[in-house]
Amino acid sequence: MKLSAEELAKMIDHTILAPNATDEMLKQHCDVARKYNFKTVAINNAPVPFCKEQLDGTDVLCDAAVSFPLGQCTIETKVFETIDVIEKGAGEVDYVINIGKLKSGDWDYIEDEMKRIVAECDKRNITSKVIFETCYLTDDEKRKLCEVALKVKPTFIKTSTGFGPAGATVEDVKLMKECVGDNLKIKASGGVRTTEQALAMIEAGASRIGTSNGVGIVDGYKNMQ
């Protein structure tokens, strides 16, 4: 794997999802994203207009989290949230599946939810990411969810919110990659803090990394060169 530091930076969603993030914290976050030229700032919905303004004149996008972090909103609410946040300036959308419905075996619900949210993103040319929250799922459930995603075709499938009891693992990224091949992209998120972890996720098949430590990851990579 041969990446430049700039290419690695463009694989990073620079994340700030804390409920107490102030305007000043968000501004600093956007300033860093601009400096390092990350792919996105991954944020909650309310700060999207503010962050969009901060990033004006750059190609760093706002990546908005929908039904975050529990996924326990109705489909109609998630669809509204998706449309609303795109209209307010989001260039990418990450939504959390209804984990309870999946664990109940209601795969029709999971597919319908995914179809409706991905359709709204596709209509507007917006990148869509489906958050599995892998820490709650069996390997069979992960595979089945990959099958649903292959039918619906979101842009990315994603491991975790970072708010569950565990985050991304190399094993989960490998499993997802084995299921979807090159048909869908994979985002590894949750607990990815070091350069070594990020590179291991990329080696396993991830093409996007969600992390609040993008600076440390990229600087660490530069020091390896």
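Start by selecting Gly205: this glycine follows helix H9 and has a positive phi, near 135°. Keep in mind throughout that you are looking at a predicted model.

Now step back into H9 itself, residues 195–204, and show its side chains. Thr195, Ala198, Leu199, Met201, Ile202 and Ala204 are the buried ones. General helix geometry is handy here: with 3.6 residues a turn, residues three or four places apart point the same way. What do the buried residues of H9 pack against? Turn on helix H1 (5–9), helix H8 (170–180), strand S7 (185–189), S8 and H10, and you have the full set of partners.

Next, pick Ile209. Beyond its sequence neighbours up to four places away, Ile209 touches Met11, Ile12, Asp13, Ala188, Val192, Ala198, Met201 and Ile202. Ala198, Met201 and Ile202 are among the buried residues of H9 that you have just displayed. Ile209 also belongs to the largest nonpolar core, which has 72 residues; together with Val41, Met114, Leu145 and Ile157, it is one of the members touching the most others. Helix H6 (residues 107–123) gives this core its largest share, 7 residues. As a general rule, nonpolar side chains in soluble globular proteins tend to be buried together.

Switch to a cartoon view for the barrel. Eight strands close it in the order S1-S2-S3-S4-S5-S6-S7-S8, with parallel pairing. Leaving direction aside, neighbouring strands of this sheet are turned by 25° against each other on average. For a close look at one pair, select S1 (residues 12–16) and S2 (residues 40–43), which are joined in the parallel sense over 4 bridges. Asp13 is opposite Thr40 of S2. Then add helix H10 (residues 214–224), lying across S1 and strand S8 (208–211) and running at about 145° to S1.

Two helix pairs are worth a visit. Begin with H7 and H8, whose axes come within 9 Å and cross at roughly 40°. That angle makes H7 oblique to H8, and the crossing is right-handed. To see who meets whom, show Asp139, Lys142, Arg143, Cys146 and Leu150 in H7 with Asp172, Leu175, Met176, Cys179 and Val180 in H8.

Move on to H4 and H6, which pack at about 15° with their axes 9 Å apart. Are they roughly parallel or roughly antiparallel to each other? Roughly parallel, and H4 passes H6 in a right-handed crossing. The H4 side of the contact consists of Ile75, Glu76, Lys78, Val79, Thr82, Ile83 and Ile86, while H6 brings Tyr109, Asp112, Glu113, Arg116, Ile117, Glu120 and Cys121.

Finish in the loops, with a rule of thumb in mind: most residues other than glycine have a negative phi, and most peptide bonds are trans. Select Phe68 and Pro69, where the peptide bond is cis, with omega near 0°. Pro69 sits in the loop between strand S3 (61–66) and helix H4 (75–87).

Asn37 comes next, in the loop between helix H2 (23–36) and S2. Asn37 is not a glycine, yet its phi is positive, about 55°. Asn37 is partly exposed, at a relative accessible area of 32%.

Your last stop is Lys153, in the loop between helix H7 (139–152) and strand S6 (156–158). Its phi is likewise positive, near 70°. Is Lys153 buried or exposed? Lys153 counts as exposed, because its relative accessibility is 53% and the cut-off for exposed is over 50%.

Technical notes
Residues numbered from 1 in each chain as written. Predicted model: local features only at pLDDT ≥ 70, side-chain atom pairs only at ≥ 80, totals over all residues. Heavy atoms only, no water. Core = buried A, V, L, I, M, F, W, Y, C linked by side-chain atoms within 4.5 Å. Buried < 20%, exposed > 50% of the residue type's maximum accessible area, 1.4 Å probe, protein only. Contact = heavy atoms within 4.5 Å. Pairing = 2+ DSSP bridges. Axes fitted to C-alpha atoms, helices over the stretch in contact; angles between N-to-C directions. Parallel < 35°, antiparallel > 145°, perpendicular 65-115°, else oblique. Left-handed = near helix turned anticlockwise from the far one by under 90°.
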